[in-house]
Amino acid sequence: MRYGYVRVSSKDQNLSRQYNELKKHKVDVVISDKSSGKQINNNLNELLKNLVAGDELIVISLDRLGRSLQNNINIIEELKEKEVKFISVKENLIIDKTNNSMNDFIFKIFLKNGKLTSHISMLLV
């Protein structure tokens with residue numbers, strides 16, 4: 001089954017842009033969370049528990065998946081152990097159990113770049 005996951009950081013933000021993008025990727029089910037940076041993504045956690053081998057998890061961007069660099073790494077490792085394919089549309093990234101170490105390396109570069117960009121933005125404010 002193909003699952004999409006969308007997240008925004010506050011109740012006031014709208015999920016429609018992410019939903020519309022996921023429609024293009026023919027997901028069967030879309031799971032969403034609206035939570036601030038300090039809250040846990042309960043619906044994502046429930047989805048992760050229920051994914052099985054052969055499922056796919058699709059997000060629009062890596063920054064919509066987890067709350068931190070380490071959180072994203074942990075989620076991807078869990079998906080690989082369960083033999084669930086992970087797709088991040090914006091980064092054009094596909095990771096599954098069969099991928100090589102180069103894809104893992106690229107994944108971590110994307111995450112580090114996102115963290116660095118966020119840090120620079122905070123310094124400029």
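Strands in this description are DSSP runs of E at least two residues long, and helices are runs of H or I at least four residues long, both numbered from the N terminus. With that in hand, we can place Val6 in strand 1, and strand 1 is a good place to begin the tour. Please keep in mind that this is a predicted model.

Let's take the overall layout before the details. The protein chain holds four helices and five strands, and along the sequence they follow the pattern β-α-β-α-β-α-β-β-α. Of the 125 residues in the chain, 38% are buried. Among contacts between residues at least 6 apart in sequence, 65% link residues at least 24 apart.

How far can the coordinates be trusted? The chain has an average pLDDT of 80, and 74% of the residues score at least 70. Strand 3 has the highest mean among the elements, at 96, while helix 4 (residues 101-124) has the lowest, at 57. Where pLDDT is low, the predicted coordinates should not be read in detail. This walk therefore stays away from the particulars of helix 4, given its mean of 57.

Back to strand 1, which spans residues 2-8 and has six of its seven residues buried. Which strands does strand 1 pair with? Six bridges tie strand 1 to strand 2 (residues 29-34), and the two run parallel. Another four bridges tie strand 1 to strand 3 (residues 56-59), again in parallel. Gly4 shows both pairings: its bridge partner in strand 2 is Val30, and its bridge partner in strand 3 is Ile58. Between strand 1 and strand 2, the chain passes through helix 1 (residues 16-23), and this β-α-β crossover is right-handed.

Val6 gives a view of these surroundings from the inside. Is Val6 buried or exposed? With a relative accessibility of 0%, Val6 falls under the 20% cut-off and so counts as buried. Setting aside neighbours within four places in sequence, its contacts include Gln18, Tyr19 and Leu22, along with Val30, Ile31 and Ser32. Val6 also comes together with a distant part of the chain: its C-alpha atom is 6.5 Å from that of Arg64, although the two residues are 58 apart along the chain.

Arg64 itself deserves a pause. Arg64 forms a salt bridge with Asp63, with the closest N and O atoms 3.5 Å apart. The two partners differ in accessibility, because Arg64 is buried at 16% and Asp63 is partly exposed at 43%.

How many salt bridges does a search of the whole structure find? The search finds five. Side chains of opposite charge can pair when their charged atoms come close. One example joins Lys24 and Glu21, with an N to O distance of 3.3 Å. Here Lys24 is exposed, at 61% relative accessible area, whereas Glu21 is partly exposed, at 23%. Another joins Lys49 and Glu46 at 3.5 Å, N to O. Because Lys49 and Glu46 are three residues apart in helix 2 (residues 42-50), about one helical turn separates them. Lys49 is exposed, at 59%, and Glu46 is partly exposed, at 41%.

Between helix 1 and strand 2 lies a loop that contains Asp28. Apart from neighbours within four places in sequence, Asp28 is in contact with Met1 and Arg2. The C-alpha atoms of Asp28 and Gly4 are 7.7 Å apart, with their positions 24 residues apart along the chain.

Finally, let's turn to the interior. In soluble globular proteins, nonpolar side chains tend to be buried together. The largest nonpolar core in this model has 18 residues, and Leu48, Leu51, Leu57, Leu65, Leu79 and Phe86 touch the most other members. Strand 1, helix 2, strand 3, helix 3 (69-81) and strand 5 (93-95) each give two or more residues to this core. A second, separate core has eight residues, including Leu15, Val27, Ile60 and Ile87. Looking closer at Leu51, we find contacts with Tyr3, Leu79, Lys82 and Val84, leaving aside neighbours within four places in sequence.

Technical notes: Residues numbered from 1 in each chain as written. Heavy atoms only, no water. Buried < 20%, exposed > 50% of the residue type's maximum accessible area, 1.4 Å probe, protein only. Pairing = 2+ DSSP bridges. Right-handed = clockwise from strand over helix to strand, strands pointing away. Salt bridge = Lys/Arg side-chain N within 4 Å of Asp/Glu carboxyl O. Contact = heavy atoms within 4.5 Å. pLDDT = per-residue confidence, 0-100. Core = buried A, V, L, I, M, F, W, Y, C linked by side-chain atoms within 4.5 Å.
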